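Trainee: I am new to this structure and would like a close look at a single part, the chain lettered A. Please set out how it is built, and add what is needed about the other chains.

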Amino acid sequence: MLLVLISLVLLLGSSALALLFRKNPARSQDAGAYGAVAASLAGLLPAVKVLITGAPETVSLPWAVPLGSLSFNLDPLAAFFLLPVYLLTGLAAVYGADYLKAYAGRKPLGLAWAAFNVLTAAMVLVFTSANGVLFMLGWELMAAASFLLVLFEHEKEQARRASYIYLTAGGAGALLLLAAFSLLGQASPSLDFAAFPHPQGQTATAVFLLALFGFGLKAGFIPLHVWLPEAHPAAPSQVSAVMSGVMIKTGIYGLMRFLGFLSPWPDWYGWTLLVIGAASCVLGALFALAQHDLKRVLAYSSIENIGIILMALGLGVVSAVHGSPVMAGLAFAGALLHVFNHSLFKGLLFMGAGAVLHGAGTAELEALGGLSKRMPSTAAFFLAGSAAACALPPFNGFAGEFLIYLGAFKSVTYTGPLALAGVIAALALAVAGALAAAAFTRAAGTAFLGEPRTEKAAKAHEAGPLMLFAMGALALLCLLAGLAGPFLLLPLGSAVAAAFGLPLAVAAAEAAAVPLVYISASALILLLIAAIAMARRKAFLGTKATAEGPTWDCGYAAPSPRMQYGASSFAQPLTDFFQPILRKLGQYPVLTEYFPAKASFSTEAQAVFYNSVYIPAAVKIRDLAYRFSWLQHGRLQIYILYIVVTLMGLLLWKL
Amino acid sequence: MEIVKPLFQILAAALLAPLLPGVVNRVKAVFAGRKGPPLEQLYYDLIKLLRKAPVYSRTSTWVFKAGPIAGFAALMTALAMLPFAGRPAALAFEGDFIFLVYLLGLARFGTVLAALDTGSAFEGMGASREMQFAVFAEPAFFLGLAALARITGEGSLAGMFGALTGETWRTAAPVLALLTASFFIVLLAENSRVPADDPNTHLELTMIHEAMVLDHSGPELAYILYGASLKLWLFGAVIGSMVLPRHSGSWASDSGMFLLVMFGVAAGVGVVESVLARLRLTKVPYLLITAFAFSALGLIFQMAR
Amino acid sequence: MHTFAEFIIVFIILINLALSVTGSLSACIKLVALQGVVAGVLPLMAGHGGPQGRAVAFAAVIILLKGAVFPWLMMRARDSSGASKDVEPLISYPASIMLCLGAFIASSWMGTRLPLPEAGVAWIVPASLATIFTGFLLITTRRKAITQVLGYLVIENGIYIFGLALFVEQPMMVELAILLDVFVAVFVMGIAIFHISREFDHIDTAELSELSDWRRGEYGK
């Protein structure tokens, strides 16, 4: 625990140093980056220790703030979430040291690094705090720091708009959480987590709904996701990696803590989480398929994965309520494992997208192509990340989903609500997985493979050495985490036990141990067979010379890069089928003559929820508010009259 | 733990898989009044291709060479989990069918990326359609397996098919018939058979799987063709195990029966290919949704018992 | 015998699925006829002991009516009205099949909640309710008048199967009365369709929703 506090001090100190040195970009970069890496190394040790021993560590100090206390609690659940925080922020700092070099002199790098380190510190605070006030302090710091980072390229209209939406969503979420905490703390002397009594009846319902919406606005499940596809692409890439990889998980962490406060659970909690999660994962994958910007594809994929995690939480709650500890334990374990795996591969993918943006100057899919020849290492790492995102063995994305599937399929021995929940979960996972596979082959294929579609892509340059190091480290971690399934059972079990009780953890560990061993063994066999196949291929080729030629293209002599299948054409069969949901806008060519010389075609994926739900609702609220605009007429005397009338009213009410 | 028999099963599958496309082609030839190629034609093709020097497109990179290897490795690993005459497979564990479906996904991932790597319009076309069909075929397959797990109460492929006896067919015949129909449609779609796709066409706009391998040659093409025959064996094994309820207790006679049923499935595919015409491309998702409806019906029937 | 009856029920549900997605009018007519015949055979399967004389005669009457007379009337109505071969659905293929499946799930759930005597075959009640819903689906999502008659016939099939679940023995009078009603209705509807098409040159019910001598704009609306 002490080391965690030391890491906090390091982070805050280095951010202050970065601000101090802001006139000198190189020194502020050094201050920020070294501070972040040092803090990560310092913080990883206690996290791993707590996960292995399973014993929580607490530190509690009194604080002058009313209802608050500086109590930190590093239990296995918090440690499990801290692990990706430190890993990803450390590697993102290494990445950022290279990535931000291009902006030296044009942008305030000192401020950026300061905000980045404060963001990390705030997240650590959120995960380890055991007091409501401290939690909200960390929460708001997180929102403020990331807001600054989203505004990094504030000269772009898109970034400004994204920051508005982000700030609104964050503020609304914080308000809801404040309400939730105050409801919880009504009957207790302070807002310490340990002192919360478990609410019943109406209060419990209110707390659950407030927490669901409040944390949902941070985690980003449908329909509370509208800020995510705007904000994550607007921030610098290493910040996007951290935001998608760990910041949205604070919402999941908060939900898990609140589920702990609200036990015993009524039935409908689980069903709500299950249905929202299922809708999020299918719709998120579908929307990802329709986007044209590489970073937006990744943002919607984050929504999909958050949906999977939420769905697993819902499945666990339903199973626990209906008396199947095996299903519940497996579902919770799957959710937690997917949290960890997702942070690894999504961080890698965003870093890859950043490398593309850095090297080719654009992240628009239809302008890229053939980048694997100009940026071979980035391409390899991005493809590894895509394979992990599609939950393909031998990478790590598969293990978390496998545990959720296993929990869902255990429902075959039950009837009634458990069976229904299992079927819904399995079906949603299957559909979302297939859609995500389509989305990622499209994104990776259009950006990295084939021929470059524009000059920018043809002149792209490879990412810098530090960026490659960060991406390579994450790719290696993805592969290792995929192969090391059985070893992750111990920390997983401790985390599930800390969050939901020991019996569930034991049931999960028993059910999952053997399959995970088999999966790791099969993944190793897969790699072995691939290696043998490669060796045999070399043997078959022997001394023969391989010839080179143009792509056959059925004998077409002069193909141009624009004739390749691009992003919109690859997704067209699926997006046309789902058009009623996607509502993509298109401008199609109108042919009036027999031999048209020129025609143009464009499609655009619109933000469906934003345009169809939020904007009309906002317009209605605004119109309603205009009705009261007569209250603001500008006359000072009547404003003072308002004050006097209110004071008189309060006096009369109290007397 | 038995080693010899499961290993022998894997070996038999690996060696006999290329016979299945030969059976299919021979049945089609008989329907067309021709003599047709020999049953072992695919073996000759594979040997010929392995001896050739490949031609690579200048647009392609290492991804082009890695795709077929990924597909081959994934399908060979999947072989180890397949049911064979209702006996335990080499790698049988709870939830292995989930791993199997995702191994197929890995093979598809590798093939699609290799296709996109050539920068050819036709290969992109095939890749895009392949991913579209997967969105409809995978849930149908999963639901069918869920229904089968519910009927037999088992969690692993070998367990499910091992528990499927004549008695199960007597009590749950309608559901099992629906599931077999659904799995057969998925087989036709995943292995690029009529009516989902035509493996013999070389018309650009009608190719899906054929289009994706246009640029491959030499050993890569050999890996791809062999992988395709493994995939046919895989789905054929699932269907064969569903319709083969009898377990006589003798491993040799059971295995012999199983091989016969496999060739019977391949012959059935040949008959379907000869009798039906290829569906219009926009109707193929409807065919797969029909398979999904069959699986869903089977599952609902089973849950309502 | 039990499994055979289950097979027939499954077959009826498959016909429902096929009805909801078929695009050809003649296929629709033939499927409804097939469903009627199969439903007519069902009581012979679920009866106690061997089929009795009365039940066999009754089933023969039903098979004759639903398998021969009604389709012939429908075909005649279709030919004389000169309608096109297409069914003209209002919703797409995937939507229809999902609705049909959803109807089956809903009827399975309802079947567990309705207080009914224990049925001999497991899925009679869900199958009958699903058939009734499919009939409603045909009526509401198809444009032509002929398909509405077909939907009515499907609903009658469903009610017939539902009756099988309730009664141990065939209440012949009730069934004959219902059948007579249906026969008269189909006959009258056939005549009506012929006359509608002669008067308006089409049997598109969307066009029939306005009174012909009340044009928009004439009365200032």
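Mentor: What follows starts with chain A as a whole, moves to one of its helices, and ends with chains B and C.

This is a predicted model, in which local features need pLDDT of at least 70 and side-chain atom pairs count only at pLDDT 80 or more, while totals for chains, interfaces and linings use all residues. Residues are numbered from 1 along each chain as its sequence is written, and chains are lettered from A and ligands numbered from 1 in the order in which they are written.

The secondary structure of chain A consists of 25 helices and five strands; these are DSSP runs numbered from the N terminus, with helices (H or I) of at least four residues and strands (E) of at least two. Along its principal axes, the C-alpha trace of chain A spans about 100 × 65 × 55 Å. The radius of gyration of chain A is 26 Å, which agrees with the value near 26 Å for a compact globule of 655 residues. That radius is taken over C-alpha atoms, and the globule rule is 2.2 Å times the number of residues to the power 0.38.

Of the 655 residues of chain A, 58% count as buried. A residue is buried if 20 or more other C-beta atoms, placed from the backbone, lie within 10 Å of its own, exposed if 12 or fewer do, and partly exposed in between. Among contacts in chain A between residues at least 6 apart in sequence, 79% join residues at least 24 apart; a contact here requires C-beta atoms, placed from the backbone, within 7 Å.

The domain assignment, which is automatic or from a database, gives chain A domain 1 (266–536) and domain 2 (608–654). The C-alpha centres of these two domains of chain A lie 46 Å apart.

Helix H11 of chain A covers residues 267–290. Its 24 residues should span 34 Å at 1.5 Å a residue, and its end C-alpha atoms are 36 Å apart, which agrees. The expected span is 1.5 Å times one less than the number of residues. H11(A) is mostly covered, with 18 of its 24 residues buried.

Now the other chains. In chain C, C:Ile8 lies in helix H1 (residues 2–21). C:Ile8 counts as buried because it has 20 C-beta neighbours inside 10 Å. The C-alpha atoms of C:Ile8 and C:Ser80 are separated by 34 Å, and the two residues are 72 residues apart along the chain.

Definitions and conventions
Two residues are in contact if their C-beta atoms, placed from the backbone, lie within 7 Å.
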